[in-house]
Amino acid sequence: MLARATDEDHRVSTPLELLFDLTFVVAVSQAAASLAHGLGEGHTGRALLGYVLVFFAIWWAWMNFTWFASAYDTDDVPYRLLTLLQMAGVLVLAAGIGPASDGYDYRTVTLGYVVMRLAMVAQWLRAGRSDPERIHTARRYAVGIGALQVLWMLRLLLPRDPLAVVVVSFAVLAAAELTVPYWAERRAGTTWHPHHIAERYGLFTIIVLGECVLGATTALQVAVAGSGWSPALLTIGAVGLVLGFALWWLYFLREAAPGLERRRELSFLWGYGHLLVFASLAALGAGLEVAVEATSGHGLEIGNPAVVATVAVPVAVFLVVAWWLHAALAVAPWRDAGLVVAVTLATLATVALPVAGVPVAVSLVAVCVPTIALVTVKVAGGA
């Protein structure tokens, strides 16, 4: 498992990486569905907390494999089998998302997460044996990840009540997980490929954008199967499709790879910052499902302003974070800060429309307008 070159030509995602991502489609979909269910029932705090805890596990496991593969993907038999083991862990994690979100039962989620992470320990030990120059980096990764998996399992022994125990224990261990790469790479960094990393992150962005497409599809299905071609539901379906397309357009407006190649020291910013990008897009899909439920007359426990907020807030988070990450890499101009802030505030302002009696569907159309305007301005100005 020799380290791959950072300037390797034609470095792209492998078929195995694409298959690996497929298992995360299931996990992300389960997390979004649980969030939509909790928000619709009015359990906003519990739903958001459960979503954050579960999505962190999904994102962190995906991210660690992605950066490792960018440096050490030799595609031999042991590598493939260990990747298969990680895929199994993803599916176990996905199976436990419901109990984790509803009752803070993290046994199944933790088991799936630990399976994924222990497979990474084996990968790092293999890399350490083959790459003498980075043997200490690989061993620190293996030790740090392995020790934390023991602590995650011991965490299951803690009581779920009071809730502060769940939150604090998670926060401590999550912070420790985020620290491991800093500690491991302090002397010899891994040879990740900037173009490969940019592509991998772009592909996962498309995966979470799939939740917007799912929300649009759900609206159309409900419209056809329930009340016929309901104008309101058809409008929500159109909103989901347009928002997904507009956010995709903004994210891929400029290629990130040149910035990562010039500013390798910003790899942690790019990698960690995408937690909010991915989580906001998946949450947007959940918000669209909540809007469908509200419009189809299912009697949700939240008011119309809150329904609109489930769509507007994720869009606002995405706009700010995605622009900031690209600007930090110098692939998006800092001068756009005022424009992005104005668009974000206009998006959040739409939450007040239902208070004035504007229907949910019409309010969601208003959510689209600032983002569409931003895309138009960028395209007209040559991005």
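Where is the place of Arg134? Arg134 sits in the loop between helix 5 and helix 6, the latter covering residues 135-155. Keep that spot in view, as we will come back to it after a walk through the rest. One thing to bear in mind on the way is that this is a predicted model.

Let us start with the overall fold. The protein has 14 helices and zero strands, and reading along the sequence you simply meet α again and again: α-α-α-α-α-α-α-α-α-α-α-α-α-α. The radius of gyration of the protein is 21 Å, close to the 21 Å that the globule rule gives for 383 residues, so the protein is as compact as a globular protein of that length. If you prefer to think in dimensions, the C-alpha trace spans about 65 × 55 × 35 Å along its principal axes.

How is the chain packed? Of the 383 residues in the protein, 54% are buried. Among contacts with a separation of 6 or more, 82% are between residues 24 or more positions apart. On the outside, the protein exposes about 15,800 Å², with carbon and sulfur atoms supplying 69% of that area.

Now for the charges. The protein carries 22 positive and 25 negative charges, and the mean positions of these two groups are 8 Å apart. How many salt bridges does a search of the whole structure find? The search finds twelve. Arg4, Glu8 and Arg11 are linked with one another in a network of salt bridges.

A few individual pairs are worth a visit. Take Arg80 and Asp75 to begin with: they form a salt bridge in which the closest N and O atoms are 2.8 Å apart. Arg80 is partly exposed, with a relative accessible area of 46%, and Asp75 is also partly exposed, at 35%.

Next to Asp75 in the numbering comes Asp76, which forms a salt bridge with Arg126; here the closest N and O atoms are 2.6 Å apart. This pair links distant parts of the chain, 50 residues apart: Asp76 belongs to the loop between helix 2 (44-72) and helix 3 (77-95), while Arg126 belongs to helix 5 (residues 107-130). The partners differ in their surroundings, because Asp76 is partly exposed with a relative accessible area of 25%, whereas Arg126 is buried at 15%.

A further pair joins Lys378 to Asp336, with the closest N and O atoms 2.3 Å apart. Lys378 lies in helix 14 (residues 360-380) and Asp336 in the loop between helix 12 (304-328) and helix 13 (337-349), so this salt bridge ties together parts that are 42 residues apart in sequence. Are these two residues buried or exposed? Lys378 counts as buried, at 11% relative accessibility, and Asp336 is buried as well, with a relative accessible area of 11%.

That brings us back to Arg134, in the loop between helix 5 and helix 6. Arg134 is buried, with a relative accessible area of 13%. Which residues does Arg134 touch, leaving aside those up to four places away in sequence? The contacts are Ala3, Tyr72, Ala188, Gly189, Thr190 and Thr191. Tyr72 falls within helix 2, which runs over 44-72, so you can follow this contact from the loop that holds Arg134 to a helix you have already met.

Note on methods: Residues numbered from 1 in each chain as written. Predicted model: local features only at pLDDT ≥ 70, side-chain atom pairs only at ≥ 80, totals over all residues. Heavy atoms only, no water. Helix = DSSP H or I, 4+ residues; strand = E, 2+ residues; numbered from the N terminus. Rg over C-alpha atoms; globule rule 2.2 N^0.38 Å. Buried < 20%, exposed > 50% of the residue type's maximum accessible area, 1.4 Å probe, protein only. Contact = heavy atoms within 4.5 Å. Areas by Shrake-Rupley, 256 points an atom, 1.4 Å probe, with all protein chains shown as cover. Lys, Arg positive; Asp, Glu negative; His and termini not counted. Charge placed at Lys NZ, Arg CZ, Asp CG, Glu CD. Salt bridge = Lys/Arg side-chain N within 4 Å of Asp/Glu carboxyl O.
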